[in-house]
Amino acid sequence: MIKSILILALLTVGSFQMAFANAPKVGRSAAARYFQNNGQKADQPEYETGRGRPRSPNSEVAAVSADDHYLTLGISTYTSSDAYNWGQSGKEEKVGKSGIDMSYRIGQYSNLVDDSIRVSYNEYNVTDQRATKLSLLYAWTLPDASSRFPLYFGFGAGPGIFFKQLSGESAISLDYQLYLGLRLFNIFENTGFYVEGGLKNHLHLTSDGQLNGTYISAGAVFTF
């Protein structure tokens, strides 16, 4: 009988020891370890979603990287434009009117030059007739947007497709642009501003005729 009571007591004590061993640690030392671990996590850099670039929670909008999308959208107008053998023989002045311009970065070369697609819609008044054209240009811009340098310049070339053209004139042209601009990033969150000017010229491919013009454009810069 006494032996059975001793065995039962030993089993009871062992059960209590196992229960206390698995219980959560409390007290001053446990609290200190908890706050120390949380402090280490708080010191780790916060990463932007989908970017992988460290950023402090209180920092400003991060700089533009090579992986970011870069797009400009604005309106333009010709400041001067001379047409030659377009709708008539000889020269006609001030034929270029307003337009809409968009540029989208598709790549970057050696952290130096941005490769972009530039799309421009322009209207013309030639011999008192209206003409409209969409230009699709492949462009190189220096320096790249990741540098955040405010001044830039570049060159673009590609086909122009006339939606409305004078009778007997080419429906396709070779367009080329030379431009210089000023861009300001992240004025309001990921939206900035740009102003640009340069040359907008084209040559008719299946007929004679050409346009030499200068333009100015302004609009918004988006990074996302």
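1. In this predicted model, the side chains of S120 and D101 make a polar contact with each other, at 2.9 Å. D101 also appears among the residues in contact with S120 once neighbours within four places in sequence are left aside.

2. The rest of that contact list for S120 consists of I100, K133, L134, S135, Q177 and K200. Three of these, K133, L134 and S135, are consecutive in number, as are I100 and D101.

3. S120 belongs to strand β6, which covers residues 113-126. Is S120 buried or exposed? Its relative accessible area is 2%, and because buried means under 20%, S120 counts as buried.

4. A further pair to look at is S120 and I75. They are separated by 45 residues in sequence, while their C-alpha atoms lie 9.3 Å apart in space.

5. On the chain as a whole, the secondary structure comprises two helices and 11 strands. In sequence order the pattern is α-α-β-β-β-β-β-β-β-β-β-β-β, with the two helices ahead of the strands.

6. Contacts between residues distant in sequence can be stated for the chain too. Of the contacts with a separation of 6 or more, 60% are between residues 24 or more positions apart.

7. The chain has 224 residues, and 34% of them are buried; S120 is one of the buried residues. The area exposed by the chain is about 13,800 Å², of which carbon and sulfur atoms supply 62%.

Methods. Residues are numbered from 1 along each chain as its sequence is written. This is a predicted model: local features need pLDDT of at least 70, side-chain atom pairs count only at pLDDT 80 or more; totals for chains, interfaces and linings use all residues. Side-chain values use heavy atoms; hydrogens and water are left out. Helices (H or I, at least four residues) and strands (E, at least two) are DSSP runs, numbered from the N terminus. Buried means under 20% relative accessible area, exposed over 50%, partly exposed in between (1.4 Å probe, protein chains only). Contact means heavy atoms within 4.5 Å. Accessible areas come from the Shrake-Rupley method with a 1.4 Å probe; for residues, only the protein chains shown count as cover. A polar contact is a pair of N or O atoms within 3.5 Å; within protein, one must be able to donate a hydrogen and the other to accept it, and residues adjacent in sequence count only if both atoms are side-chain atoms.
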